[in-house]
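Work through the exercises below with the sequence and the model in view, and attempt each task before reading its solution.

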Amino acid sequence: MVKFEYFEPNSLEEACALLKEHGEDARLIAGGTALIIMMRQRLLNPRVVISLADIPDFDFIRFDAKDGLRIGAGARHRDIELAPVVQEHYPLLYETFRKVAQPRIRNMGTIGGNLVQGDPLTDPGASLIALDAKITLRNAGGHRVIPVENFFVDYYQTDLQPGEILTEIHVPPSLPGLAWAHIKFLPRSQEDFATVGVALTMRLNGDRCQDIRLAFNSVAPIIMRAKRAEEILRRQKVDDDRVGKMAEVASTEVDPMDDNRGSAEYKRELVRVLVRRAVKQALERSATGKQGAKQASAPA
Ligand SMILES: Cc1cc2nc3c(=O)[nH]c(=O)nc-3n(C[C@H](O)[C@H](O)[C@H](O)COP(=O)(O)OP(=O)(O)OC[C@H]3O[C@@H](n4cnc5c(N)ncnc54)[C@H](O)[C@@H]3O)c2cc1C
């Protein structure tokens, strides 16, 4: 392991001040599941490591019917998966977080570290985009709030600026009857990264789609929203032809690469198939009223 100086600030103010003082030499550490691997591989060699572990109330999970869900960046995947308010009001998030890696990683990795890592294979970002979530980024001088969909800039690159700490994730109030689906396609093992990940939310009015948000992981250099595909279904009747067209457009909007999970062409074909499957799952849940977490676990 490379040698580094280690700080454990007791407040966000102190953490921001340390980041400002040490600039490019410093790295934050939360769960360490991504950072330590990169340091061991010498991809990162920070001279200063600043832990977020001692910051009070950095892992909160709070729900208010009017305001929605607020999650501290230090909340661990497992905390989010098991939070009763998440299971009751945000079944899409429950379904997403229960599929992240395996329990050992879920007990260590945080939502903040996951998003800041900017790894396009990771799961939470797509579901947060589908739910129109926003994040708060704070530095020594103040804070800003941006939509999650604008945070991912390029492969392993986010909009986090030097000196900033991601402090909070805000998910708007859950709409009763929101149709949703999450598919993590995993042909190899349950704890693998997705070959293709799909997160979908739809607001329905009878057989019409009032609004829709469709997001993907593992099919582009960033976790992405498929806006052109959404347009095919927005304010339209949901029928097989339109859903097929939406799936086709989505397959042209993504930008996958060949890797050990499959060729780019295979992933494009999966997008065609999984978008149709996601809409079907969302419609079925909506028709049966089984939108809650207890009924969440549909097979991929
Ligand atoms: C074996 C394995 C399997 C995995 N499988 C999956 C999977 O199936 N799905 C999935 O989604 N993910 C998966 N992951 C990724 C895992 O979810 C992330 O590694 C984890 O969420 C990162 O969180 P962390 O708290 O450990 O981050 P850290 O390793 O502590 O930090 C990661 C990066 O984020 C920065 N950072 C951390 N917190 C903040 C903050 N609040 N503000 C600003 N910067 C911050 C750090 O400086 C660092 O650059 C897997 C990881 C491993 C090791």
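**Exercise 1: the ligand shell**

With five residues, α7 is the element that gives the most to the shell around the ligand. This is a predicted model, in which local features need pLDDT of at least 70, side-chain atom pairs count only at pLDDT 80 or more, and totals for chains, interfaces and linings use all residues. Residues are numbered from 1 along each chain as its sequence is written.

Task: which residues come nearest to the ligand, and which elements give two or more residues to its shell?

Solution. Begin with the shell of 29 residues (a residue is near if its C-beta atom, placed from the backbone, lies within 6 Å), where Gly 31, Gly 109, Gly 112, Gly 113 and Asn 114 come nearest. Next, the elements that give two or more residues are β2 (26-29), α7 (111-117) and β10 (165-171), helices (H or I, at least four residues) and strands (E, at least two) being DSSP runs numbered from the N terminus.

**Exercise 2: helix α11**

Task: compare the expected span of helix α11 with the distance between its end C-alpha atoms.

Solution. Take 1.5 Å times one less than the number of residues as the expected span; for the 25 residues of α11 (residues 264-288) this gives 36 Å, and the end C-alpha atoms are 36 Å apart, so the two agree. Then look just after α11, where Gly 289 takes a positive phi of about 70°.

**Exercise 3: the whole chain**

Task: how many helices and strands does the protein chain have?

Solution. Counting gives 11 helices and 15 strands. Along its principal axes, the C-alpha trace spans about 60 × 45 × 30 Å.
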